[in-house]
Amino acid sequence: MGADKTTSWSYAEAFALEDELAYRARERSLALRIPPVTPGTAAALTVLAAAARPATVVEVGTGAGVSGLALLRGLPPASVLTTIDTDIRALRAARDTFREAGVPSNRTRAIPGRGSLVMPRLSGGAYDMVFLDADTAGTLYYAEEAVRLLRPGGLLVVNDALHQDKVAQPANREENTRTMRAVHRLFREDERFATALLPTGSGLLLAVRR
């Protein structure tokens with residue numbers, strides 16, 4: 001196995017093709033100074049949604065709709081995406097993205113507020129997929145709530161799971177890095193979940209509830 005994975009990572013990211021709608025969503029995201037998911041991550045979300053075929057999805061961290069658009073492109077036609085964000089401007093930008101993509105308004109539900117306040121109000125065991133891409137400090141709590149929300153067979157996806165490559169550095173003891181390691185342990189040690197950690201983007205943690 002080659003020691004330098006940078007070239008392969010770059011190739012994999014460039015492998016993902018994006019259209020004008022995705023480019024415009026990225027422009028909105030950058031205008032709001034919100035880092036969007038990478039093209040490779042967006043492509044992975046589309047594939048995961050197409051494979052899992054969830055009817056109900058929760059996204060924590062809407063941004064300008066880059067990840068939401070990717071999810072919607074993989075979801076079955078009748079599936080509904082509930083997306084949560086504290087930034088009203090971001091939710092407005094995401095609505096523009098979804099509208100430009102021709103997504104019917106009844107297929108998305110945008111909820112303003114903190115994930116820590118909104119997620120507890122959602123029905124337990126009622127969701128087939130949860131995607132977390134919000135503040136790292138709150139990710140452990142969001143992940144614990146995701147356990148409650150997912151029905152058997154449900155899929156959890158956590159973005160930035162390698163936290164900008166810091167998680168793999170044993171000497172790094174930053175609070176956010178330690179939080180992400182705690183998220184890893186939560187699912188690796190929980191026999192109710194089958195778990196994988198992928199290097200796509202800045203890391204994707206996948207966990208399927210058995």
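# Salt bridges, helices and a seven-stranded sheet

With a salt bridge taken as a side-chain nitrogen of Lys or Arg within 4 Å of a carboxyl oxygen of Asp or Glu, the count comes to 12 salt bridges. The structure is a predicted model, and the points below look at some of these bridges, then at two helices, and then at an open sheet of seven strands.

**Salt bridges within helices**

- A general point helps with reading this group: an α-helix has 3.6 residues a turn, so residues three or four places apart point the same way.
- In helix α2, which covers residues 20-31, Arg-24 and Glu-20 are four residues apart and therefore separated by about one helical turn, and the closest N and O atoms of their salt bridge are 3.9 Å apart.
- Both partners of this pair count as partly exposed, Arg-24 with a relative accessibility of 29% and Glu-20 with a relative accessibility of 47%.
- In helix α7, residues 139-149, Glu-145 and Arg-148 are three residues apart, which again puts about one helical turn between them, and they form a salt bridge whose closest N and O atoms are 2.9 Å apart.
- Glu-145 counts as buried because its relative accessibility is 12%, and the cut-off for buried is under 20%, whereas Arg-148 is partly exposed at 32%.
- In helix α8, residues 175-188, Arg-178 and Glu-175 lie three residues apart, about one turn of the helix, and their side chains meet in a salt bridge with an N to O distance of 3.8 Å.
- Arg-178 is partly exposed, with a relative accessibility of 39%, while Glu-175 reaches 53% and counts as exposed, since the cut-off for exposed is over 50%.
- Salt bridges that share partners also build one network, which joins Glu-20, Arg-24, Arg-28 and Glu-100.

**Helices α8 and α4**

- How far apart are the end C-alpha atoms of α8? They are 20 Å apart, which agrees with the 20 Å that the 14 residues of α8 should span at 1.5 Å a residue.
- Several residues of α8 are buried, among them Thr-177, Met-180, Val-183 and Phe-187, and the buried residues of this helix pack against α7 as well as against the strands β5 (150-159), β6 (193-198) and β7 (204-209).
- Helix α4, made of residues 66-74, is mostly covered, as eight of its nine residues are buried; including Val-66, Leu-69, Leu-71 and Leu-72, these buried residues also take in Gly-68 and Gly-74.

**The sheet and a helix that lies across it**

- As a general background, strands of a sheet pair through backbone hydrogen bonds, either parallel or antiparallel.
- In the open sheet of this model the seven strands follow the order β3-β2-β1-β4-β5-β7-β6, and the pairing is mixed.
- The edges are held by β3 (108-112) and β6, each of which has a single partner strand, so one side of each is left without a neighbour in the sheet.
- Neighbouring strands of this sheet are turned against each other by 15° on average, when direction is ignored.
- Strand β2, residues 80-85, runs parallel to β3 and is joined to β3 by five bridges, and on β3 the residue Pro-112 is the bridge partner of Asp-85.
- Helix α5, residues 88-100, lies across β2 and β3, and the helix runs at about 170° to β3.

Notes
Residues are numbered from 1 along each chain as its sequence is written. This is a predicted model: local features need pLDDT of at least 70, side-chain atom pairs count only at pLDDT 80 or more; totals for chains, interfaces and linings use all residues. Side-chain values use heavy atoms; hydrogens and water are left out. Buried means under 20% relative accessible area, exposed over 50%, partly exposed in between (1.4 Å probe, protein chains only). The expected span of a helix is 1.5 Å times one less than its number of residues. Contact means heavy atoms within 4.5 Å. Two strands pair if DSSP finds at least two bridges between them. Axes are lines fitted to C-alpha atoms, for helices over the stretch in contact, and angles run from 0 to 180 degrees between N-to-C directions.
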